[in-house]
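Please look through the sequence and the structure shown below before reading this note.

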Amino acid sequence: MSDVALSFESFGVSHNGCVREHNEDNYLVEPRTGLWVVADGMGGHEAGEVASASIVDHLATIGIASSAPDLRARFEDRLSRANAEIRRISESRGITIGSTVAALLAMDGRFACLWAGDSRVYLVRNASISQISRDHTEVQELLDRGMISAAEALTWPRRNVITHAVGVSDEIVIDFQQGEIMPGDIFVLCTDGLTAHLTDAEIGAAVVSATPQAACENLLQMVLARGGTDNVTIVLVKFANGHNGQSPHPDLSRAEG
């Protein structure tokens, strides 16, 4: 990793879309702490949005970590607290509610992506987009087992059935990937309201040469123009050499998880 500090810019947008009356998504942009999050609530109005808000509210208290392991530990602690709160709400209402979560943690020149559900994290590097997260869905499990094709997955009747989420059980099942941040890296965090209407290639093309704010707004307009059948939330984090953008907290001038 170069000794040159990596500056960055980040931005987020959320919209209820063209069909839904309420927005059950939430997001968090906390550049000083090295944390970016999207969450997609499940359970209907005043249930799903409560679940995603609980995740964001708890993670917003994460504070400035002393090290990358400390940042990861703080994240897992806050997510555990949110899970417990969502469970209490579910029990008090006699219904099952929950939320997906997809997060980027950045510190000391490295990143970690953590997720549960089908909200995604993409990395755009050298103008090429790759999906870092792996959907926790029935259809992804069928794909992994070779039981259906990629083409069949697009129209599979239960393609939106999620296998893991925060708040649906006492134990959280969360996956993660980590790696080194390279100058010019762009991370895209999004709920499935984006990926339902845009291909990976379209997402990559939209973010490569635009600022995070312009890219977020452009992606949102593309979704709305195509019918916006779900809530949509997009968070972008774009790294660059030197201090061309937003200068992170000194302990976060390079990133990890």
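The numbered points below go from the whole chain to one helix.

1. The structure is a predicted model. Its protein chain contains seven helices and eleven strands.

2. On overall dimensions, the C-alpha trace of the protein chain spans about 50 × 40 × 35 Å along its principal axes. The radius of gyration is 17 Å, and a compact globule of 257 residues would have a value near 18 Å, so the chain agrees with that expectation.

3. On the interior and the contacts, 50% of the 257 residues in the protein chain are buried. Of the contacts between residues at least 6 apart in sequence, 73% join residues that are at least 24 apart.

4. On the surface, the protein chain has an accessible area of about 11100 Å². Carbon and sulfur atoms account for 47% of this area.

5. On charge, the protein chain carries 19 positive and 34 negative charges. The mean position of the positive charges and that of the negative charges lie 2 Å apart.

6. Helix 6 covers residues 200-208, and its buried residues are Ile 203, Gly 204, Ala 206 and Val 207. Why do these buried residues line one face of the helix? Seen down the axis of helix 6, they fall within an arc of 165°, and therefore they line one face. On the other side of helix 6, Ala 201 and Ala 205 are exposed. Here, buried means under 20% relative accessible area, and exposed means over 50%.

Notes: Residues are numbered from 1 along each chain as its sequence is written. This is a predicted model: local features need pLDDT of at least 70, side-chain atom pairs count only at pLDDT 80 or more; totals for chains, interfaces and linings use all residues. Side-chain values use heavy atoms; hydrogens and water are left out. Helices (H or I, at least four residues) and strands (E, at least two) are DSSP runs, numbered from the N terminus. The radius of gyration is taken over C-alpha atoms; the globule rule is 2.2 Å times the number of residues to the power 0.38. Buried means under 20% relative accessible area, exposed over 50%, partly exposed in between (1.4 Å probe, protein chains only). Contact means heavy atoms within 4.5 Å. Accessible areas come from the Shrake-Rupley method with a 1.4 Å probe; for residues, only the protein chains shown count as cover. Lys and Arg count as positive and Asp and Glu as negative; His and the chain ends are not counted. The place of a charge is taken as NZ of Lys, CZ of Arg, CG of Asp or CD of Glu. The arc is that of the directions from the helix axis to the C-beta atoms.
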